[in-house]
Amino acid sequence: MKYSLLIMALAMSLSACNDVKSDHNAPETVKEQPTPKLEPLKEAQEAQEAQEAQEAQEAQEAQPSIDVASLKQQLNSLTENKQCTSQASCQVIPVGKRACGGPSSYLVYSTDHAPQQEVEKLAKAITAAENAKNKKEMTMSICEHLTQPLVQCVNQQCTTDASANPAY
C-alpha cells in the first residue's frame with residue numbers, strides 16, 4: 001500500500017509536469033528592445049555644422065582683406081612727429097599680436113601731434129589683422145614677450161628709456 005500510494009503520487013506529479021510543455025534545452029528568446037535611431041540626429045548635426053562653416057567662410061570672403069603693411073604705414077605716418085611739450089604728451093601703445101600672445105611691438109608717439117583716438121583705432125586694427133592672419137596661417141612665433149618701454153620727453157622729443165627694451 002505504501003508503494004501504491006507512492007506510485008500514484010509520482011504519476012500525478014509527472015502528469016502535472018506534462019501539462020506544461022516546455023523545452024528546457026531550447027534557448028530562451030529575449031525580446032530585443034528597439035534601439036533609437038541616431039542616424040537622423042547625426043545627419044542633422046552634420047548638416048548644421050556644414051552650414052555654419054559655409055556661412056563663416058562667406059562672411060570672411062565678404063570682408064575686404066586687411067593689409068597689415070598699409071595699416072602700419074598709416075600708423076607710422078600719423079605718429080612720425082614725436083615732438084613733445086611735456087612728459088604727459090609722450091605715450092606708448094602696444095601694436096600687433098604675436099602667435100604666442102602679447103604685442104608684436106610697442107609704438108611711442110606724442111599726443112601733441114597725433115590724435116590718441118586715431119592712434120588707438122589703427123593699433124587695434126593692426127592687432128586684429130595680425131591675430132586673424134596668425135590664426136588663418138597657423139603661424140608660429142618666438143614666445144618672447146616684449147616689455148612695455150618707459151617713455152620720456154627729452155629735448156622736446158618722445159623717446160624710450162635707454163635701459164628698457166626697444167620700441168618699434
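A crossing of two helices is called left-handed if the near helix is turned anticlockwise from the far one by less than a right angle, and right-handed if it is turned clockwise. That term will be needed at the second stop of this tour, which goes through a predicted model.

**The whole chain**

Begin with the complete chain in a cartoon view, where four helices and four strands can be picked out. Followed from the N terminus, these elements come in the order α-α-α-β-β-α-β-β. If you then colour by accessibility, 19% of the 168 residues count as buried. Among the contacts in the chain with a separation of 6 or more, 68% are made by residues 24 or more positions apart.

**The pair α3 and α4**

Next select residues 68-78, which form helix α3, together with residues 116-137, which form helix α4; the two pack at an angle of about 160°, and their axes are 10 Å apart. Because angles over 145 degrees count as roughly antiparallel, α3 and α4 are described as roughly antiparallel to each other. Seen with the definition given at the start, the crossing of these two helices is left-handed.

Now show side chains along the place where the helices meet. From α3, display Val68, Leu71, Lys72, Gln74, Leu75 and Leu78, and from α4 display Glu118, Val119, Leu122, Ala123, Ala125, Ile126, Ala129 and Glu130, since these are the residues that meet. Sorted by class, the contact of α3 with α4 consists of ten nonpolar residues, one polar residue and three charged residues.

**The salt bridge**

Keep two of those residues, Lys72 and Glu130, on screen. Side chains of opposite charge can pair when their charged atoms come close. Here the side chains of Glu130 and Lys72 meet in a salt bridge, with 3.0 Å from N to O, and the structure holds one salt bridge. The pair links distant parts of the chain, with Glu130 in helix α4 and Lys72 in helix α3, 58 residues apart. Are the two partners buried or exposed? Glu130 is buried, as its relative accessible area is 10%, whereas Lys72, at 34% relative accessibility, counts as partly exposed.

**Met138, in the loop after α4**

Move on to Met138, which is found in the loop between α4 and β3. Most residues other than glycine have a negative phi. Met138, although not a glycine, has a positive phi of about 50°. With a relative accessible area of 69%, this residue is exposed.

**Asn155, between two strands**

Select Asn155 next, in the loop that lies between β3 (151-154) and β4 (157-160). Here too a residue other than glycine has a positive phi, with a value near 55°. Asn155 counts as exposed, because its relative accessibility is 73% and the cut-off for that class is over 50%. Then add Cys84 to the selection: although Asn155 and Cys84 are 71 residues apart in sequence, their C-alpha atoms are 8.5 Å apart in space.

**Ser86, in the loop before β1**

For the last stop, select Ser86, which lies in the loop between α3 and β1 (90-95). What separates the C-alpha atom of Ser86 from that of Gln156? The separation is 7.6 Å in space, for two residues that are 70 residues apart along the chain. Ser86 itself counts as partly exposed, at 32% relative accessibility.

Technical notes. Residues are numbered from 1 along each chain as its sequence is written. This is a predicted model: local features need pLDDT of at least 70, side-chain atom pairs count only at pLDDT 80 or more; totals for chains, interfaces and linings use all residues. Side-chain values use heavy atoms; hydrogens and water are left out. Buried means under 20% relative accessible area, exposed over 50%, partly exposed in between (1.4 Å probe, protein chains only). Axes are lines fitted to C-alpha atoms, for helices over the stretch in contact, and angles run from 0 to 180 degrees between N-to-C directions. Angles under 35 degrees count as roughly parallel, over 145 as roughly antiparallel, 65 to 115 as roughly perpendicular and the rest as oblique. Contact means heavy atoms within 4.5 Å. Ala, Val, Leu, Ile, Met, Phe, Trp, Tyr, Cys and Pro count as nonpolar, Asp, Glu, Lys and Arg as charged, and the others, Gly among them, as polar. A salt bridge is a side-chain nitrogen of Lys or Arg within 4 Å of a carboxyl oxygen of Asp or Glu.
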